[in-house]
Amino acid sequence: MVLLRLLLSHGNEIKMIKNEFCLAYMTVKNKKEGQYISKIAIDKNLAACGNLFPEIQSIYKWKKKINIEKESVLILKTTNKKYKDLESLILKIHSYETPCIIKLSLDDGNKNFLNWINETVNAKN
């Protein structure tokens, strides 16, 4: 059952569907690629903002070999309505053959911040 709730923002009533917002979590080759993907996604209003963790260590098996590599993590904030277009964009411009792109649904958050995400991805440039 879809749960509806009422959020108040600056005195205006806004109806929002639970789980309307999500995060797109992904690993990228490095900080430069994370910045590149972020800028394009934000410019196209597919994400409101991003967080870039410039250096992590990833351990994974690829083509029957265990690898230990430095990577970066990028988290983009968006809406469920924009997610598929965002994922398609990332798949087109990402340097990896099979990039890790995971959608994480949000249950709740700062109402003003969630409203800002919604306004930002739905803005007319």
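The following exercises, each with a worked solution, examine side-chain pairs, helices and buried residues in a predicted model.

Residues are numbered from 1 along each chain as its sequence is written, and side-chain values use heavy atoms, with hydrogens and water left out. Because the model is predicted, local features need pLDDT of at least 70 and side-chain atom pairs count only at pLDDT 80 or more, while totals for chains, interfaces and linings use all residues.

**Exercise 1. Salt bridges**

Determine how many salt bridges a search of the whole structure finds, and describe where the partners lie.

Solution.

Step 1. The criterion is a side-chain nitrogen of Lys or Arg within 4 Å of a carboxyl oxygen of Asp or Glu. The search of the whole structure finds three such salt bridges.

Step 2. One of them joins lysine 70 and glutamate 55, with a distance of 3.7 Å from N to O. Lysine 70 belongs to strand 5 (residues 65–79) and glutamate 55 to strand 4 (residues 49–62), so the pair ties together parts that are 15 residues apart in sequence. Helices (H or I, at least four residues) and strands (E, at least two) are DSSP runs, numbered from the N terminus.

Step 3. For accessibility, buried means under 20% relative accessible area, exposed over 50%, and partly exposed in between (1.4 Å probe, protein chains only). Lysine 70 is exposed because its relative accessibility is 61%; glutamate 55 is exposed at 56%.

Step 4. Another salt bridge links glutamate 97 with lysine 63, whose closest N and O atoms are 3.7 Å apart. Glutamate 97 sits in the loop between helix 2 (80–93) and strand 6 (101–105), and lysine 63 in the loop between strand 4 and strand 5, so this pair ties together parts that are 34 residues apart in sequence. Both glutamate 97 and lysine 63 are exposed.

Step 5. Glutamate 87 and lysine 84 also form a salt bridge, at 3.3 Å between the closest N and O atoms. These two residues are three apart in helix 2, which means that about one helical turn separates them. Glutamate 87 counts as buried at 18% relative accessibility, whereas lysine 84 counts as exposed at 57%.

**Exercise 2. The faces of helix 2**

State which residues of helix 2 are buried, and what covers them.

Solution.

Step 1. With 14 residues at 1.5 Å a residue, helix 2 should span 20 Å, and the 21 Å between its end C-alpha atoms agrees. The expected span is 1.5 Å times one less than the number of residues.

Step 2. The buried residues in helix 2 are Lys82, Tyr83, Leu86, Glu87, Leu89 and Ile90. Seen down the helix axis, they fall within an arc of 165°, so they line one face of helix 2; the arc is that of the directions from the helix axis to the C-beta atoms.

Step 3. The face turned away from the buried side of helix 2 carries the exposed residues Lys81, Lys84 and Lys92.

Step 4. The cover over the buried residues of helix 2 includes strand 3 (21–28), helix 1 (31–43), strand 5, strand 6 and helix 3 (111–121).

**Exercise 3. An aromatic pair in helix 3**

Identify which residues form the aromatic pair and how their rings are arranged.

Solution.

Step 1. Rings of Phe, Tyr and Trp (its six-membered ring) pair if their centres lie within 6.5 Å; planes under 30 degrees apart count as stacked, over 60 as edge-to-face and the rest as tilted. The search of the whole structure finds one aromatic pair.

Step 2. Phenylalanine 113 and tryptophan 116 form this pair, with 5.5 Å from centre to centre and 35° between the planes, a tilted arrangement.

Step 3. The two residues are three apart in helix 3, so about one helical turn separates phenylalanine 113 from tryptophan 116. Phenylalanine 113 is partly exposed at 35% relative accessibility, and tryptophan 116 is partly exposed with a relative accessible area of 35%.

**Exercise 4. Lysine 77 in strand 5**

Decide whether lysine 77 is buried or exposed, and list what lysine 77 is in contact with.

Solution.

Step 1. Lysine 77 lies in strand 5 and counts as buried because its relative accessibility is 13%.

Step 2. Contact means heavy atoms within 4.5 Å. Setting aside neighbours within four places in sequence, lysine 77 is in contact with Cys22, Leu23, Ala47, Ala48, Cys49, Asn51, Phe113 and Ile117.

Step 3. The C-alpha atoms of lysine 77 and alanine 24 are separated by 6.5 Å, although these residues are 53 residues apart along the chain.
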